[in-house]
Amino acid sequence: MHQVIARTWRPQRFSEVIGQRHITQTLQNALRLNRVAHGYVFSGQRGVGKTTMARLLAKALNCQKGPEPQPEPCGECDSCREIALGRAVDVLEIDAASNRGIDAMRELRENVRYAPARDRYKVFIIDEAHQITTEGFNALLKTLEEPPPHVVFILATTELHELPETILSRCQHFSFHAAKFAEILGHLETICAAEKVQADPQALAALAASAGGSLRDALSRLEQAMAAFGAQLEGTAVLRLLGAVPSQMVEEVFTAVESRNREQLLEIVAKLVEEGYQLPHFCSQLVRTVRNVLVAKLAGPQPHLLEASPEESARLAALAEKFSEEDLMRFLEILLHLHQQLRHTMEPRFQTELGLFKLAEARRLVPIEKILAQMQPESGPSETMRRAPLSSGGQRGPAAGGSSPQPAPGGRVPGGSPRAPGMSPFEQDTLRKQTISEPADHKEGRASEAPLAAEAPPEDIKRASAPHTEAHSREENWASEVMRRLEERQRYGLASMLDGAQWEFGEGEVRIRWEGAGIAKAMPEQDRQTLEQLVSETLGHKIRLRLTEEPPTGAMPGKGRRAGKLPSQAEPAMDPEVEVQVRQDPEVREFEQLFGKPVTGIRRWKG
Ligand SMILES: [Zn+2]
């Protein structure tokens, strides 16, 4: 029984070769035109048919069906039959793993000189050619430089990069593809039908998947399964034989991950260990599943990309519904890492458990990001009130339930606008810590001086960022509501221009004031109108919007208003007009829409 399948099903003609059409076509054309090269390099992973192709070429060159080389060997003449059996005198197969040195190559050179004993060509098939030593290659090179007309060399290798450039440049190179899952599956189906083997789809898919792109491995595993179970191959049994975990169990992992059921995850691992499954193997099955689910999600039902049987594809599609793209990419990352760890670890069980926990936790990362984002005020004044404490001095008061917030220590609101659009939660955290670490007296001073000493505001003007006894005033809520509405409309560029600005709400007039940034002048009229309308809508009555600027003075305590986002000394300040132009750029806007976040900084490209 051993090797029967592999031998019976070894391609005897170019047309029978699976998955290497790019090579068979080129070779057959060369044969037809009688333009066969003297040196060939066949590269590709193991078990994809490099040696088989080399033998086919040898047969085609020497086939006795006609006076010339045949584009398709007959498979019946003496030459064809002997080559197939590895007995032809003029076709030498050399395993470079055991004949790698200069002596072997010298012997080969000697041999090259003699004319073929019977056939048209002397064909040297050198397997594992990358194992040849440097001296060996040098000796071989001399032959390749001036090959006798009747000689053809075929160098097969899995490690193309280890062949010297001098050799490669004298050979025609063919890169063999790994067989596609569907090709392997189809081939297995054909063989099973011909051999009268009843195999269920799960069994065939498992065999195909276990082959990792090597047709030879697929066939030898099929043979193994037939030796074990005869002509009746059932999925579960075959999986067991291959050491693969049943797909139900793999899917169970994802169900447990989805519901964050860690107990179930522990039980799965316990069961695997009890039943003697190899955890690294299990892990690579998980990787494969996630990869397939991701493909199903991104590319839809495209069977040539999915490494799965049709039946499996349906289940993958169901899994794809449960997880987001981000989830799946995180899973893939975690699992690939776990796979690597499992190679070295002394405690595969614990590593696996930990890895599965990480999968369950990875799903939470998304909501956490969302929650962080929501900590910024985003809807209505009452919401803002509730969330305000986070941005003011960093003390999340017990007020989170919606009662009025306690004044934060220091009472300073970082930034003139009550929120800093475009700041990530981490930036905000940094900012918060900076605020806390400032000396108390400094803060006091700042609070009482701040922020506009230059121009005394009219009585009726209330400032959003002026010190308050309450941490957040009505005015601040208005301002943040305007910001929210801007972002809702995806006017991120406009929103980020307002970052660090002072808002002043008066009777019938609202002023937005920057500190010498030049932004007010640079803002297009259209944007000003949009803003004016939005502010009016927010306040519930028509107002006039004024954009003003005040000269930057070093002594200005309000300078910290753009705290954390102020360009550093080393960095040349951006021309505000340029900045506005950049923010108006359609491409920049498109980016902002794509990422759902404003561009936070614009820098001059140095160089
Ligand atoms: Zn023949």
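This report describes the secondary structure, sheets, helix packing and some single residues of a predicted model.

**Overall composition**

The chain contains 26 helices and 11 strands. Of its 607 residues, 38% are buried. Among contacts with a separation of 6 or more, 75% join residues 24 or more positions apart.

**The five-stranded sheet**

Five strands form an open sheet in the order 2-3-4-1-5, and their pairing is parallel. Strand 2 (91-95) and strand 5 (172-175) are at the edges; each has a single partner strand, so one side of each lacks a neighbour in the sheet. From one strand to the next, the twist averages 15 degrees.

Strand 2 is joined to strand 3 by 5 bridges, and the two run parallel. Within this pairing, Glu93 has Ile125 of strand 3 as its bridge partner.

Val123 is also part of strand 3, which covers residues 122-127. Val123 has 26 C-beta neighbours inside 10 Å and therefore counts as buried, the cut-off for that class being 20 or more. Leaving out residues up to four places away in sequence, Val123 touches Ala58, Leu61, Asp90, Val91, Val152 and Ile154. Val123 and Glu93 are separated by 30 residues in sequence, while their C-alpha atoms are 8.3 Å apart.

**Strands 9, 10 and 11**

Strand 10 (residues 509-515) pairs with strand 9 (residues 502-505) and with strand 11 (residues 544-550). The pairing with strand 9 is antiparallel and has 4 bridges, whereas the pairing with strand 11 is parallel and has 7 bridges. Strands 9 and 10 make a hairpin with 3 residues between them. In the turn, Gly508 has a positive phi of about 70 degrees.

Ile512 of strand 10 can be located in both pairings: Trp503 stands opposite Ile512, and Ile512 stands opposite Leu547 in strand 11. Of the 7 residues of strand 10, 6 are buried, so the strand is largely enclosed by the rest of the structure.

**Helix 10**

Helix 10 runs over residues 215-229, 15 residues in total. From its first C-alpha to its last it reaches 21 Å, close to the 21 Å expected at 1.5 Å a residue. Its buried residues are Leu215, Asp217, Ala218, Leu219, Arg221, Leu222, Glu223, Ala225 and Met226. The list thus includes the charged residues Asp217, Arg221 and Glu223. An α-helix has 3.6 residues a turn, so residues three or four places apart point the same way.

The cover over the buried residues of helix 10 includes helix 1 (4-8), helix 8 (181-194), helix 9 (201-210), strand 7 (232-233) and helix 11 (235-242). Gly230, just after helix 10, has a positive phi of about 70 degrees.

**Packing of helices 12 and 15**

Helix 12 (residues 247-258) packs against helix 15 (residues 310-322) at an angle of about 10 degrees, and the axes are 11 Å apart. An angle under 35 degrees counts as roughly parallel, and the two helices are therefore roughly parallel to each other. Helix 12 contributes Ser247, Glu251, Phe254 and Glu258 to the contact, and helix 15 contributes Glu312, Arg315, Leu319 and Lys322. Sorted by class, the contact has 5 charged, 2 nonpolar and 1 polar residues.

**Loop residues**

Three loop residues are set out below by location and C-beta neighbour count.

| Residue | Loop | C-beta neighbours within 10 Å | Class |
|---|---|---|---|
| Pro71 | helix 3 (50-62) to helix 4 (78-85) | 16 | partly exposed |
| Lys196 | helix 8 to strand 6 (198-199) | 7 | exposed |
| Arg260 | helix 12 to helix 13 (262-274) | 14 | partly exposed |

Lys196 is a residue other than glycine with a positive phi, near 55 degrees. Arg260, which is not a glycine either, has a positive phi of about 50 degrees.

Pro71 is in contact with Gln28, Leu31, Arg32 and Ala60, leaving aside its neighbours within four places in sequence. Pro71 and Leu33 are 38 residues apart in sequence, and the distance between them is 9.2 Å from C-alpha to C-alpha.

Technical notes:
Residues are numbered from 1 along each chain as its sequence is written. This is a predicted model: local features need pLDDT of at least 70, side-chain atom pairs count only at pLDDT 80 or more; totals for chains, interfaces and linings use all residues. A residue is buried if 20 or more other C-beta atoms lie within 10 Å of its own, exposed if 12 or fewer, and partly exposed in between; C-beta atoms are placed from the backbone. Two strands pair if DSSP finds at least two bridges between them. The expected span of a helix is 1.5 Å times one less than its number of residues. Two residues are in contact if their C-beta atoms, placed from the backbone, lie within 7 Å. Axes are lines fitted to C-alpha atoms, for helices over the stretch in contact, and angles run from 0 to 180 degrees between N-to-C directions. Angles under 35 degrees count as roughly parallel, over 145 as roughly antiparallel, 65 to 115 as roughly perpendicular and the rest as oblique.
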